[in-house]
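Trainee: I would like to know how the labels on this model are earned. Can we take them one by one?

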Amino acid sequence: MEMEQMTLFEREDTMPLAARLRPQTLDAFVGQDHLLGKGKVLRRLIESDHISSMIFWGPPGVGKTTLARVIANRTNAAFINFSAVTSGIKEIRTVMQKAEENRRYGEKTILFVDEIHRFNKAQQDAFLPFVEKGSIILIGATTENPSFEINSALLSRCKVFVMQGLGREDLVTLLSRALSDPKGFGRQNVAIPSDMLEMIAEFANGDARTALSTLEMVVLNGELDADKITVTKETLEQCIAKRSLLYDKKGEEHYNLISALHKSMRNSDPDAAVYWLARMLEAGEDPLYVARRVIRFASEDVGLADPRALETAVAAYQACHFLGMPECTVHLTQAVVYLSLAPKSNALYTAYESAKKDALSQLAEPVPLILRNAVTDLMGTWGYGKGYRYAHDAKDRLTNMQCLPTSLAGREYYRPTDQGAEERYRARLEKIKEWKSLHASS
């Protein structure tokens, strides 16, 4: 079965350049040498027509759909193209029935699902029994991390191949081929310097589709003189004036960028932190989301090493709430730079995590009677509050009262560092512990 059929009303010369130049063989495929180089496993599987269910994961324009077309041209199996955007459960069942019929007649069916991450759990589950019994070989293509977007049961039955953005040399190769191939601009006399091809490759940022679309745009807008088309630098600069940032506020890149921001601040690198901040905001991220994460960072990674860090972060959140984009960018930048340069301590974070571990393992540990309020006379007779000492009445504002449950007596959760202001808190805590040690029996 052909993957697509051209209708009577479609002409190849009206198709986009990227579609016209889509390679049909492995030898014509550019990039992904780590998967398709000579002797690589995926290449051998395709060449021998022994592929199993698999997922192609990678950014846009790296050849996921193209590779599926190459497999379609080489396989002896029925090949069905399926779109997750336009298909539902009904269409899935129809295709699965056809695949089951093919299996009964001894014919394999390869089902290619583009943008498989757009299928919900029920739709993905509909494939599972047919993949399990071998009615179909599933090939899915996705720009999203399969760990997050593909059901674990289905994912466990598929081999994931990670496809990478194309390198600059690969993109220049594609662009040069487009200028010489008769399916591209080979029948026209196009004058474009090699350094401009490098600029297009740089702009495309690993995306072959973007590179070819940009080339098509500059050629169509080139200066026509007799039988020659000249692409000027001015035309090229207009066509690549602004790159669309790759960003999905619910996808993996969302988490990658906020992680980069956190780790740059933690590493006291304000330049990197401001860059990742700009990447998120200019791609359309909600500034309040960033501000909330900055507030978390202020206590998790700075804490009492600089108590003003939390004040700065909260103030930045309020500024974002009052002003919104784009005015609030400078307030977030102030907070991010402040936190990057602040002394670092994760003592508060580790204190809570350590206490949480004990709290979860000893949920039934009773509150010591000495700490309980005797709100009724009966509670008083049971010993509630007996022995409690009010610290403000003590000479040193300290008592030797044990506040932890007996089973946890002596536990230390908060261990202050010597960073910034926390050094003062450490000295204070040491004095408190020394006092309690001296008055342990009183």
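Mentor: Start with Glu198, which lies in helix H10 (residues 194-204). The model is a predicted one.

Trainee: Why is Glu198 called partly exposed?

Mentor: Its relative accessibility is 35%. Buried means under 20% and exposed means over 50%. The value for Glu198 falls in between, so Glu198 counts as partly exposed.

Trainee: Which residues does Glu198 touch, leaving out those up to four places away in sequence?

Mentor: Arg168 and Val172.

Trainee: What makes H9 and H11 oblique to each other?

Mentor: The axes of H9 (residues 168-180) and H11 (residues 208-220) cross at roughly 40°. They come within 10 Å. Roughly parallel needs an angle under 35 degrees, and roughly perpendicular begins at 65. The crossing fits neither range, and therefore the pair is oblique. The crossing is right-handed.

Trainee: How do you know what class of residues meets there?

Mentor: From H9 come Leu171, Leu174, Leu175, Ala178 and Leu179. From H11 come Ala208, Ala211, Leu212 and Leu215. Ala and Leu both count as nonpolar. So the contact has nine nonpolar, no polar and no charged residues.

Trainee: Why is H5 called roughly parallel to H6?

Mentor: The axes of H5 (residues 89-104) and H6 (residues 121-132) cross at roughly 10°. The cut-off is under 35 degrees, so H5 is roughly parallel to H6.

Trainee: What is the class make-up of the contact of H5 with H6?

Mentor: Seven nonpolar, one polar and one charged. Glu100 in H5 is among the contact residues, and Glu counts as charged. Gln123 in H6 is another of them, and Gln counts as polar.

Definitions and conventions
Residues are numbered from 1 along each chain as its sequence is written. This is a predicted model: local features need pLDDT of at least 70, side-chain atom pairs count only at pLDDT 80 or more; totals for chains, interfaces and linings use all residues. Side-chain values use heavy atoms; hydrogens and water are left out. Axes are lines fitted to C-alpha atoms, for helices over the stretch in contact, and angles run from 0 to 180 degrees between N-to-C directions. Helices (H or I, at least four residues) and strands (E, at least two) are DSSP runs, numbered from the N terminus. Angles under 35 degrees count as roughly parallel, over 145 as roughly antiparallel, 65 to 115 as roughly perpendicular and the rest as oblique. A crossing is left-handed if the near helix is turned anticlockwise from the far one by less than a right angle, and right-handed if clockwise. Contact means heavy atoms within 4.5 Å. Buried means under 20% relative accessible area, exposed over 50%, partly exposed in between (1.4 Å probe, protein chains only).
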